[in-house]
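Q: I'd like to go through some side-chain pairings in this one with you. Could you pull up the sequence and the structure first?

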Amino acid sequence: MGSSRSNILCFLVLCASSLVPTSCHSYSHGALFIFGDSLYDAGNNIYLNTNVRKFNIFPYGETYFKHPTGRASDGRLIPDFIAEFAKLPLIPPYLKPGNHQFTNGMNFASGGAGALAGTNQGLLRQKLGASEVKALLSTAVYMFSIGSNDYLIPFITNSTVFQSYSKKEYVKMVIGNITSVIQEIYSMGGRKFALSKLLPLGCAPISRALNIVRTGGSGCMEEVTVLAKLHNRALPKALKELKNQLKGYTYSIFDAYTVADAIFNNPSKNGFEEVKKACCGSGPLRGTITCGQKVYELCDNSSLRSDPLTAFDIHLFINMVNMQTPRSPLQRSAHGNQITILSIDGGGIRGIIPGTILAFLESELQKLDGADARLADYFDVISGTSTGGLVTAMLAAPNKQNRPFSPFSSATNLVNHLRGPKYDGKFLHSIVKEKLGDARLHKTLTNIVIPTFDIKYLQPTIFSSYKVKNDPSTDALLSDICIGTSAAPTYLPAHYFETTDPSGKVREFNLIDGGVAVNNPTLVAISEVSKAINREGTTSFCMNPTEYGRFLVLSLGTGTAKSEGKYDADEAAKWGIIGWLTSDHSSPLMDVFTQASGGMVDFHISTFFQALNCEENYLRIQDDTLTGTLSSVDVATKENLANLVKVGEELLKKPVSRVNLSTGVFEPIDKMTNEEALRKYK
């Protein structure tokens, strides 16, 4: 159960740490305001004079509180633990009679809710006064667990809503309601938000039981789970867009789906014997909500029922955690339980190969999330060298609508951008400047890392979204960064430019292709994240800087002629300076530099991930069978460009391969193709 406990404890720590104020005011701590459904409801439904589900009867509350409290559990809920971590009292339900002390927060969640009305700011002013309200709301954390009922109830009630709306349209409405509430709270002064992704709703006992009644099958209701997945993909993107719009707004997402999915797929490893049945209810799989009524069954595992956050009723159907210290907490990431990294090698015209693969991946994501889906929405970090740096900038730079540029609908787009006169660089420079305009490094829509090499100081210069926060002199135009990282010696001219920091200090850059130092930038990207964790502290990321097992990495090569045996010692012995620079439609010296550094990075990362027993977290897609002009970096004939597209398309159909650490050759490790692996990574 270690990984599941780590996930949850990390979320608790993040929320609790956010309750510590960062500015001076009259309160010694922040407040916690809670919104949601039965997962977070501390008892509001008890006080509603409507026919809603109430949890004020035994056996609810029997193990921890020793009496029903209105919680849809026999123990505490996630907000209770967060309050405990933050040294707050249990946050009371808003509707509970009495003289509420809003200084600690309030619980507005209601079992069965799809959304609950916003906070009553007028009442807060009466209790505290306007100035105190402002201080309280600005330091508070606002927790949300909402959406499950929006997707479950239409199936439970046989609603016809999906005859009027497509699944994506319906999800868009739900997400829109959530973001509207967040914006309203922001307008009142709220800045810190904590949200939870949805569980695999189709695998809940209520869904399984409904499936039995409808079809006779006992498996998960996939149509419900599909909605949960769509919701979970849309939520991070919506929150990220809000961050671009709202100054000072911060958020954290708990990936409840991954935690629950791991438990369902491997119950025994996570300390479970039964994951299909609810602990309390009636009917098939105890999936009918009758707990505490005339007819119900109760699971006989008393130790399970007494465990904090245990699955008790069908609403809380997974054991969340025995509250113990985890081996290794997870990072703060908008995309789930790992920091997602896309890395793209350099390789000149061979950049068409990873471009073809990215075109495929983005088209697959658009099938799931609509035509507006962009790769930048799914990766926490995108890193690229040389041609890969050009692609990185194009993926992450904002257009006038503050969204990524047009997608790779086909590799032809990339081909058109790369064709033109060689060596003088004018065509490439004009294209880059036209596309990227005046966008600077700090404006990218996701974190990027682009290596270059400064020939004046003979050292690598890394342009990084993580670094720019502490070193504003690196906040260069993206066009300058791209021209610099692609300035391959003997092919394109070195690039000079200057930046001026806020203090007026000027910094000079004299750059050539980053591939001379690090052609495969995967390790640089991981290092930049690790350094950011060291600077900002493990609390910010909820991750230790050397926990490579927390990274999910897609690394794309541009192909090599390794299998062909491109050069030999007898031939090289006859070369002079010209021969080392121009032989066999290539530059042997550049090939040696780029392939040596790229190969060492792949060796290093492959070794690390294999040693950590998490090889599946690192997918390297590379073709080492290129021959002839296909392995060139600058043969831009129409025929060669078309053939490189074919290489990319064929590479998708090849089996997943991994570098043999003894021979350096890529060898198939699975019957799964690269195309299938990318679909799995979605």
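Q: Which residue forms a salt bridge with Asp471?
A: In this predicted model, Asp471 forms a salt bridge with Arg507, and the closest N and O atoms of the pair are 3.4 Å apart. Asp471 sits in the loop between helix 16 (465-468) and helix 17 (478-485), while Arg507 belongs to strand 13 (residues 506-513), so the pair ties together parts that are 36 residues apart in sequence.

Q: And are those two buried or exposed?
A: Asp471 counts as partly exposed because its relative accessibility is 25%, and Arg507 also counts as partly exposed, at 26% relative accessibility.

Q: How many salt bridges are there in total?
A: The count comes to 13 salt bridges.

Q: OK, what about Glu364, which partner does it have in helix 12?
A: Glu364 forms a salt bridge with Lys367, with the closest N and O atoms 2.8 Å apart. Both residues lie in helix 12 (residues 352-369), three residues apart, which is about one turn of the helix.

Q: Why does Glu364 count as buried?
A: The cut-off for buried is under 20% relative accessible area, and Glu364 counts as buried because its relative accessibility is 4%. Its partner Lys367, by contrast, counts as exposed, at 57% relative accessibility.

Q: Which other residues are linked with Glu364 and Lys367 in a network?
A: Lys653, Glu675 and Arg679 are linked with Glu364 and Lys367 in a network of salt bridges.

Q: Moving on, where do Lys531 and Glu528 lie?
A: Both are in helix 18 (residues 522-536), three residues apart, or about one turn of the helix. Lys531 forms a salt bridge with Glu528, the closest N and O atoms being 2.8 Å apart. Glu528 is buried, with a relative accessible area of 2%, whereas Lys531 is partly exposed, with a relative accessible area of 39%.

Q: Different topic: where is Ser555 found, and is it buried or exposed?
A: Ser555 is found in strand 14 (residues 551-556), and Ser555 is buried, with a relative accessible area of 0%.

Q: What does its side chain make polar contacts with?
A: The Ser555 side chain makes a polar contact with the side chain of Thr522 at 3.1 Å, and another with the side chain of Arg620 at 2.7 Å.

Q: Which residues does Ser555 touch, leaving out those up to four places away in sequence?
A: On that basis, Ser555 touches Ser343, Asp345, Asn520, Thr522, Tyr618, Leu619, Arg620 and Ile621.

Notes:
Residues numbered from 1 in each chain as written. Predicted model: local features only at pLDDT ≥ 70, side-chain atom pairs only at ≥ 80, totals over all residues. Heavy atoms only, no water. Salt bridge = Lys/Arg side-chain N within 4 Å of Asp/Glu carboxyl O. Helix = DSSP H or I, 4+ residues; strand = E, 2+ residues; numbered from the N terminus. Buried < 20%, exposed > 50% of the residue type's maximum accessible area, 1.4 Å probe, protein only. Polar contact = N/O pair within 3.5 Å; in protein donor to acceptor, adjacent residues only side chain to side chain. Contact = heavy atoms within 4.5 Å.
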